[in-house]
Amino acid sequence: MKILIIYYTMGGRTKKTAEAIGSTLIDHEVNYFAIELRGKRIEKIKQFDRFQNGDYSEIEKNLNSLDIKPFELIIIGMPTYGKFPPKTFDEIIRRMGNLNNKKVIVFTTARFSGGKARDYMESKVENSGGRVIKKMKFKRLFWIGTKRALKYGKVLNKAFDQRP
Ligand SMILES: Cc1cc2nc3c(=O)[nH]c(=O)nc-3n(C[C@H](O)[C@H](O)[C@H](O)COP(=O)(O)O)c2cc1C
């Protein structure tokens, strides 16, 4: 199966989680679409602000390259800011257009909560016509491990195993 893993990361935790899941999907073709904030902390915060205010000009090319058509399953991972994912999530959803009953898995990473942001993602995906087959949150105050992500990825790899 062709799987697209979409993630956004400022500090690397969501990237780490997304890549852990992706690394276990060994029987499938995994592609990534990443929005990674770069530079020093202050530069990342400024970039974050621009995105929150709807200015995506610096990643326009990247956003334009997003094509979900070839994929049967889309996994979307976002950090939690307040009770929401970053607004870039909404922008990605907007650009994907109608999801036509496509299978989607959403997850958040968080330090304390992450449940509301995850549920927000679920409802946005469903409002766009996607079918959320699983939603998760990966919550850790400090060091975020990959144990649960790897475990879930392995389950997923098997669940979608289409070999005879
Ligand atoms: C501005 C900001 C707001 C945040 N708000 C929350 C929050 O409301 N709840 C929570 O559990 N974590 C919150 N966090 C923590 C992040 O969601 C968490 O560290 C996440 O895993 C970061 O992902 P990243 O390293 O991929 O950017 C916040 C972090 C930042 C920078």
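Reader: Which element gives the largest share of the lining of the second largest pocket?
Author: Helix H6 (147-159) does, in this predicted model. Its share is three residues.

Reader: How do you know which residues count as lining that pocket?
Author: A lining residue has an atom within 4 Å of a grid point of the pocket. The residues that line the second largest pocket are Thr17, Phe138, Lys139, Arg140, Ile144, Gly145, Thr146, Lys147, Arg148 and Ala149. Strand S5 (131-139), like H6, supplies at least two of the lining residues.

Reader: What makes up this lining by class?
Author: Three residues are nonpolar, three are polar and four are charged. Lys and Arg count as charged, so Lys139, Arg140, Lys147 and Arg148 belong to that class. About 160 Å³ of space lies in this pocket.

Reader: How much space lies in the largest pocket?
Author: About 420 Å³. Its lining has 19 residues. Arg13, Pro79, Thr80, Tyr81 and Arg111 lie nearest the centre of the largest pocket.

Reader: Which elements supply at least two residues each to the lining of the largest pocket?
Author: H1, helix H2 (41-52) and S4 do. By class, the lining has five nonpolar, nine polar and five charged residues.

Reader: Why is the ligand said to sit in a pocket?
Author: More than half of its atoms must lie within 2 Å of the grid points of the pocket. The ligand is placed in the largest pocket, so it meets that cut-off there. Helix H1 (13-24) and strand S4 (103-110) each give two or more residues to the shell around the ligand.

Reader: Which residues of the shell come nearest the ligand?
Author: Thr9, Thr14, Thr80, Thr109 and Phe112 come nearest, out of 15 residues. By class, the shell has five nonpolar, eight polar and two charged residues.

Reader: What makes the pair between Thr9 and the ligand a polar contact?
Author: The cut-off is 3.5 Å between N or O atoms. A polar side-chain atom of Thr9 lies 2.5 Å from an oxygen atom of the ligand, so the pair qualifies.

Reader: How do you know that Arg111 and Ser113 have polar contacts with the ligand?
Author: Set them against 3.5 Å again. A backbone N or O atom of Arg111 is 3.0 Å from a ligand oxygen atom. For Ser113, a polar backbone atom is 2.8 Å from an oxygen atom of the ligand. Both values are within the cut-off, so both pairs are polar contacts.

Reader: How much of the ligand's accessible area does the protein cover?
Author: On its own, the ligand has 640 Å² of accessible area, and the protein covers 79% of it.

Definitions and conventions. Residues are numbered from 1 along each chain as its sequence is written. This is a predicted model: local features need pLDDT of at least 70, side-chain atom pairs count only at pLDDT 80 or more; totals for chains, interfaces and linings use all residues. Side-chain values use heavy atoms; hydrogens and water are left out. A residue is near a molecule or strand if one of its heavy atoms lies within 4 Å of it. A polar contact is a pair of N or O atoms within 3.5 Å; within protein, one must be able to donate a hydrogen and the other to accept it, and residues adjacent in sequence count only if both atoms are side-chain atoms. Accessible areas come from the Shrake-Rupley method with a 1.4 Å probe; for residues, only the protein chains shown count as cover. On a 1 Å grid over the protein atoms alone, a cavity is a set of points where a 1.4 Å probe fits but cannot get out, and a pocket is an open set with protein on both sides within 12 Å along at least five of seven lines; lining residues have an atom within 4 Å of a point. Helices (H or I, at least four residues) and strands (E, at least two) are DSSP runs, numbered from the N terminus. Grid points are joined across faces, edges and corners, and a volume is the space filled by probe spheres set on the points.
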